[in-house]
Amino acid sequence: MTDREAPDPAPSPVTAASLLRRMRAATVLAGPLPPFDPATAGPAPGPLFAEWLAYALDDGVLEPHVMTLSTVAADGRPSARVLMLRGVDLERCAFVFASEAGSRKGLELAANPQAALTSYWPRHGRQIRMAGPVRALDADAARSDFLGRRERSRIAGFTGLMSAPLDGPEAYEEERRLASARVAAEPEAVPQGHTVYELTATEAEFFQGDTGGFHRRLRYTREADGGWSRGLLFP
Ligand SMILES: Cc1cc2nc3c(=O)[nH]c(=O)nc-3n(C[C@H](O)[C@H](O)[C@H](O)COP(=O)(O)O)c2cc1C
């Protein structure tokens, strides 16, 4: 439960025109926004990511560790969804997330192990984009990730196969019932496809919005020797 009420339904029918009017009235990058001087940024992106995420956590930003993961299927078609960041190696600029190997993203990553992770914190006008190769960590990592979860989440992990078609609510109820029984009977069980992935950034970009429109973009690019080069981009 949150202390926020759901908004009242719109009083008049929602049309494309009414949406457009309301979208135009909605302010973007209203601020106040934190300052960012790219000249003070360090030689590698990990510490800056940590600084921005810590700032969001300190400021009570809602779900600041929820990021968009974009993948590309073998046929070139992209897909994106949000998920939770479950760990970060600041030194290697590597980002950890967990999912199901048989899900759409899992299959896409198996066929094309390149992906992007995007964070956006509207309150701070900050976007971070990371991209690079993804690898699946070993079974021990999957096990400790899964068994460290709340029961509710472990039951969800055994409820059907993520991204598979679902016939209807009854099928969902039934799978959930079976999953609850399984978790109760075998508290140490881990779904076969549960996987911890790690994206090691080879590109990182920091966007700082500015209320006056003087936005800043700083891009880091991983070099062949493992070091980073950086430069500004026009916003
Ligand atoms: C706030 C939020 C957090 C989520 N966290 C995860 C997560 O950590 N791992 C995951 O696999 N899916 C997570 N999901 C669900 C995904 O967005 C997505 O629906 C699911 O992974 C299936 O995606 P796919 O069909 O593209 O593989 C989350 C969804 C929301 C709204």
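Me: Is Glu-174 buried, partly exposed or exposed?
Reply: Keep in mind that this is a predicted model. Partly exposed covers the range between under 20% and over 50% relative accessible area. Glu-174 has 36% relative accessibility, so the label is partly exposed.

Me: Which residue meets the side chain of Glu-174 in a salt bridge?
Reply: Look within helix H6, where Glu-174 has a partner three residues apart, about one turn of the helix. The N to O distance for the pair is 3.0 Å. The partner is Arg-177.

Me: Which residues are joined into one network by salt bridges that share partners?
Reply: A search of the whole structure turns up 13 salt bridges. Some of them share partners and form one network. Its members are Asp-89, Arg-92, Arg-135 and Glu-198.

Me: How far apart are the closest N and O atoms of Arg-104 and Glu-108?
Reply: Both residues sit in helix H3, and because they are four residues apart, about one helical turn separates them. Arg-104 is partly exposed at 45% relative accessible area, while Glu-108 counts as buried at 7%. They form a salt bridge, and the closest N and O atoms are 2.9 Å apart.

Me: Where does Glu-188 lie, given its salt bridge with Arg-143?
Reply: The closest N and O atoms of Arg-143 and Glu-188 are 3.3 Å apart. This pair links distant parts of the chain, 45 residues apart, with Arg-143 in helix H4 (residues 139–147). Arg-143 counts as partly exposed, at 38% relative accessibility. As for Glu-188, its place is the loop between helix H6 (169–185) and strand S7 (194–200).

Me: How much of the ligand does the protein bury?
Reply: Start with the polar contacts: a polar side-chain atom of Ser-99 lies 2.6 Å from an oxygen atom of the ligand, and Ser-163 also places a polar side-chain atom 2.6 Å from a ligand oxygen. Arg-104 uses a backbone N or O atom instead, 3.2 Å from an oxygen atom of the ligand. Taken alone, the ligand exposes 620 Å², and the protein buries 66% of that.

Me: Which element gives the largest share of the shell around the ligand?
Reply: Elements that give two or more residues are strand S2 (78–84), strand S4 (94–100) and helix H3 (104–111). The largest share is four residues, and it comes from S2.

Me: How many residues of the shell around the ligand are charged?
Reply: The residues around the ligand include Glu-63, Arg-81, Arg-104 and Lys-105. Sorted by type, the shell has five nonpolar and three polar residues, and the charged ones number four.

Definitions and conventions
Residues are numbered from 1 along each chain as its sequence is written. This is a predicted model: local features need pLDDT of at least 70, side-chain atom pairs count only at pLDDT 80 or more; totals for chains, interfaces and linings use all residues. Side-chain values use heavy atoms; hydrogens and water are left out. A residue is near a molecule or strand if one of its heavy atoms lies within 4 Å of it. A polar contact is a pair of N or O atoms within 3.5 Å; within protein, one must be able to donate a hydrogen and the other to accept it, and residues adjacent in sequence count only if both atoms are side-chain atoms. Accessible areas come from the Shrake-Rupley method with a 1.4 Å probe; for residues, only the protein chains shown count as cover. Ala, Val, Leu, Ile, Met, Phe, Trp, Tyr, Cys and Pro count as nonpolar, Asp, Glu, Lys and Arg as charged, and the others, Gly among them, as polar. A salt bridge is a side-chain nitrogen of Lys or Arg within 4 Å of a carboxyl oxygen of Asp or Glu. Buried means under 20% relative accessible area, exposed over 50%, partly exposed in between (1.4 Å probe, protein chains only).
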